[in-house]
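The following exchange asks how certain descriptive terms are justified.

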Amino acid sequence: MGVGIRVAGEGDRELVVRLLDDAFQDDPVSSWLFPEADYRRRTHPRLMAVFTDMVLAEGRVDLTEDGSACALWLSVPAGEHTDDDGPALLREAVDPANERVELIGRLTAGIHPAHRAHEYLWMIGVAPGRQGEGLGSALLAHVLDRCDRDRVPAYLEASSARSRALYTRLGFTTLTERVLDLPGGPRMWPMWREPRG
């Protein structure tokens with residue numbers, strides 16, 4: 001049985017925000033950004049809304065037909081990708097008193113490869129009750145097949161050992177020289193995938 005996938009539009013915004021919020025509430029990086037659980041439940045949706053709006057405007061959101069999983073992708077050209085104001089604007093929009101929101105933006109920008117054009121998996125979220133059913137793999141294959149056909153590499157940052165294992169199975173390798181240990185927090189693994197075939 002195949003997984004139906006479509007490109008999300010503006011009318012799907014609230015569904016995507018809710019899906020990402022549910023999927024990442026207990027993620028190690030989200031827990032580091034917003035350590036206090038009640039505060040995270042209130043504030044985390046704003047972060048997911050900003051991410052969703054950015055990718056709807058500049059990239060592509062793939063959504064399973066049943067709305068249980070989504071993937072946010074950006075096409076990144078070769079060259080320097082510096083937006084010095086981006087992390088500060090993110091912090092202002094999401095949680096102005098929280099330095100970690102800006103810090104993570106600066107740290108991930110600092111490890112992002114700039115040497116070649118690539119597809120960037122910003123994030124992929126699966127509804128908690130549907131994880132482990134292959135929906136994430138189907139969403140990834142949907143774009144990775146195109147990457148292989150068009151000879152374009154892909155990049156992402158894994159935020160947990162579990163997601164890193166999935167990405168490894170799909171052909172991503174860890175850029176060990178760029179591994180990011182968040183101050184007082186979890187590790188993030190930048191991963192790169194060369195096109196296959």
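Q: Which residues of H1 are buried?
A: In H1, a helix by DSSP (a run of H or I, at least four residues, numbered from the N terminus), the buried residues are Val16, Val17, Leu19, Leu20, Asp21, Ala23 and Phe24. Buried means under 20% relative accessible area, exposed over 50%, and partly exposed in between (1.4 Å probe, protein chains only). The model is predicted: local features need pLDDT of at least 70, side-chain atom pairs count only at pLDDT 80 or more, and totals for chains, interfaces and linings use all residues. Residues are numbered from 1 along each chain as its sequence is written, and side-chain values use heavy atoms, without hydrogens and water.

Q: Why is Phe34 called buried?
A: Its relative accessible area is 1%, so Phe34 falls under the 20% limit.

Q: Why is Tyr39 called partly exposed?
A: Tyr39 has a relative accessible area of 28%, which lies between 20% and 50% and therefore counts as partly exposed.

Q: What makes the pair of Phe34 and Tyr39 tilted?
A: Rings of Phe, Tyr and Trp (its six-membered ring) pair if their centres lie within 6.5 Å; planes under 30 degrees apart are stacked, over 60 edge-to-face, and the rest tilted. The centres of Phe34 and Tyr39 are 6.5 Å apart and the planes stand at 55°, so the pair is tilted.

Q: Why is the pair of Tyr167 and Phe172 called edge-to-face?
A: The ring centres of Tyr167 and Phe172 are 6.0 Å apart and their planes are at 65°, so the pair is edge-to-face.

Q: How many aromatic pairs are there by this rule?
A: The count comes to six aromatic pairs.

Conventions:
Helix = DSSP H or I, 4+ residues; strand = E, 2+ residues; numbered from the N terminus.
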